[in-house]
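Trainee: Got a minute to go through this one with me? I'd like to start with the charged pairs and then wander a bit.

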Amino acid sequence: MTTSYPREEGDPAGGFVAGLARWLAGEGGEVEVIAAGPGRERVDGIAVERIPGRGLFYGGGAPDALA
């Protein structure tokens, strides 16, 4: 779960998280990403589930909101 993940190709937001996800997948890990936004997609073989996040992903961030 991340508060910052690229929304489209070339989007710099969360590029470091996307890079880590690609690295983990390349090392054989099963990676699923949950991020703010609409829809579901596979990017570089990684499942990205986007959920509405006005109260969850913005402000203090998802980890604080879940706590």
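**Salt bridges, sheet and helix**

Mentor: Sure. Asp11 and Arg7 form a salt bridge, with their closest N and O atoms 2.9 Å apart. Keep in mind that this is a predicted model.

Trainee: Is Asp11 buried or exposed?

Mentor: Asp11 is buried, because its relative accessible area of 12% is under the 20% cut-off. Its partner Arg7 counts as exposed, at 56% relative accessibility.

Trainee: How many salt bridges are there by this rule?

Mentor: The count comes to 4 salt bridges. Among them is the one where the side chains of Asp44 and Arg22 meet, at 3.8 Å from N to O. That pair links distant parts of the chain, 22 residues apart: Asp44 sits in the loop between β2 and β3, and Arg22 in helix α1.

Trainee: And how accessible are Asp44 and Arg22?

Mentor: Asp44 counts as exposed at 55%, while Arg22 is partly exposed at 41%.

Trainee: Okay, switching to the sheet. What's the strand order?

Mentor: It's an open sheet of 3 strands, ordered β1-β3-β2, with mixed pairing. The edge strands are β1 (32-36) and β2 (40-43), each pairing on one side only. On average, neighbouring strands are turned by 30° against each other, ignoring direction.

Trainee: How many bridges join β2 to β3?

Mentor: There are 4 bridges between them, and the two strands run antiparallel, with β3 covering residues 46-51.

Trainee: Which residue in β3 stands opposite Arg40?

Mentor: That's Glu49.

Trainee: What does the side chain of Glu41 meet in a salt bridge?

Mentor: The side chain of Arg50, at 3.1 Å from N to O. Glu41 is partly exposed at 32% relative accessibility, whereas Arg50 is buried, with a relative accessible area of 7%.

Trainee: Last topic, the helix. Where is Ala21 found?

Mentor: Ala21 is in helix α1, which spans residues 15-26.

Trainee: Why does Ala21 count as buried?

Mentor: Because its relative accessible area is 5%, and buried means under 20%.

Trainee: Which residues does Ala21 touch, leaving out those up to four places away in sequence?

Mentor: Tyr5, Val31, Val33 and Ile46. For Val33, the C-alpha atoms are 8.0 Å apart, and Val33 and Ala21 are 12 residues apart along the chain.

Notes:
Residues numbered from 1 in each chain as written. Predicted model: local features only at pLDDT ≥ 70, side-chain atom pairs only at ≥ 80, totals over all residues. Heavy atoms only, no water. Buried < 20%, exposed > 50% of the residue type's maximum accessible area, 1.4 Å probe, protein only. Contact = heavy atoms within 4.5 Å. Pairing = 2+ DSSP bridges. Axes fitted to C-alpha atoms, helices over the stretch in contact; angles between N-to-C directions.
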